Amino acid sequence: MEGGRRGEAAAAAAAGTGPVFTLEEVAKRNSSREAWLVIHGRVYDVTRFLEEHPGGEEVLLEQAGRDATESFEDVGHSTDAREMLKQYYIGEVHPSDREKEGSKNPSRTSSGQTSFWSTWLIPIVGALVLGLMCRYYMMDGKSS
Ligand code: HEM
């Protein structure tokens, strides 16, 4: 039975289609009795992982009940660690809470806009300025 449920959870984790939790619900699970955390918009129950975490129980408890994406990424966890996440996946962050999170991290929700500005507009403006400078110097050369 347990194995079956775990299989389902792993499939849901891969598809990103688990139950939905609000950040308020996650915030209540911030102790060693029950520890949940959010990483990249997904909710993980790390209660049974606390003692096993190679980085220690303390750091997990510090992040419990919160969005731990930044701390998780700052450590530079290995691909193995990322694979392990699936075992603790319990669901998704509620979309309305995800927007709040997204406003802190624009690359998630408005990535289309961000990439437009950085990939097109900046090089185009740069090229225009260069072009104008070239023209200006050439005209300057001719007139003198
Ligand atoms: C479910 C979530 C997490 C999993 C599955 C996980 C897993 C792991 C694993 C497997 C390692 C060993 C090194 C590696 O393979 O990268 C590790 C190390 C570590 N983790 Fe996590 N971790 C999680 C969350 C966090 C969070 C939220 C923090 C917050 C700061 C954290 C801090 C650390 C630290 C400080 C180390 C030690 C790094 C070192 O000694 O080089 N981990 N973790």
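**View 1. The hairpin of β2 and β3.** In this predicted model, β2 and β3 make a hairpin, and 2 residues sit between the two strands. Look for histidine 40 in the turn: its phi is positive, at about 50 degrees. The two strands run antiparallel to each other and are paired by 4 bridges. To pick out one of these pairings, start at tryptophan 36, whose bridge partner in β3 is aspartate 45.

**View 2. The whole sheet.** Step back from the hairpin and you'll find an open sheet of 4 strands, laid out in the order β1-β4-β3-β2, with mixed pairing. The edges belong to β1 (20-21) and β2; each has a single partner strand, so one side of each has no neighbour in the sheet. As a bit of background, strands of a sheet pair through backbone hydrogen bonds, and they can do this in a parallel or an antiparallel way.

**View 3. β4 and its two partners.** Here we zoom in on β4, which spans residues 89-93. On one side, β1 runs parallel to β4, and 2 bridges join them. On the other, β3 pairs with β4 in the antiparallel sense, this time over 3 bridges. Glutamate 92 is a handy landmark in β4: it is the bridge partner of valine 20 and also of arginine 42. Glycine 91 in β4 stands opposite valine 43. Much of this strand is covered, with 4 of its 5 residues buried. For the chain as a whole, 24% of the 144 residues count as buried.

**View 4. The iron atom and its two histidines.** Which protein residues hold the iron atom of the ligand as donors? They are His53 and His77, each using its NE2 atom, lying 2.0 Å from the iron. The two come from distant parts of the chain, 24 residues apart: histidine 53 is in the loop between β3 (42-45) and α3, while histidine 77 is in the loop between α4 and α5. Histidine 53 is buried, because its relative accessible area is 13% and the cut-off for buried is under 20%.

**View 5. The geometry around the iron.** The same iron atom of the ligand has 6 donor atoms, and its site is octahedral. The angles among those donors go from 87 to 179 degrees. For comparison, the ideal angles for six octahedral donors are 90 or 180 degrees.

**View 6. The largest pocket.** Rolling a probe the size of a water molecule over the atoms shows where empty space is left. The largest pocket holds about 400 Å³ of space. Its lining is made of 20 residues, and the ones nearest the centre are Phe49, His53, Leu60, Phe72 and His77. Four elements each give two or more residues to this lining: β2 (36-39), α3 (57-63), α4 (69-75) and α5 (79-88). By type, the lining has 14 nonpolar residues, 5 polar and 1 charged.

**View 7. The chain from end to end.** To place all the close-ups, follow the chain along its sequence: the pattern reads α-β-α-β-β-α-α-α-β-α-α-α. That makes 8 helices and 4 strands.

Definitions and conventions
Residues numbered from 1 in each chain as written. Predicted model: local features only at pLDDT ≥ 70, side-chain atom pairs only at ≥ 80, totals over all residues. Heavy atoms only, no water. 1 Å grid on protein atoms, 1.4 Å probe; cavity = no way out; pocket = protein on both sides within 12 Å on 5 of 7 lines; lining within 4 Å. Points joined across faces, edges and corners; volume = space filled by probe spheres on them. Nonpolar A, V, L, I, M, F, W, Y, C, P; charged D, E, K, R; others polar. Donors = N, O, S within 2.8 Å, 3.2 Å for Na, K, Ca; no water. Tetrahedral: all angles 85-135°; square planar, octahedral: opposite > 155°, others 65-115°. Buried < 20%, exposed > 50% of the residue type's maximum accessible area, 1.4 Å probe, protein only. Pairing = 2+ DSSP bridges.
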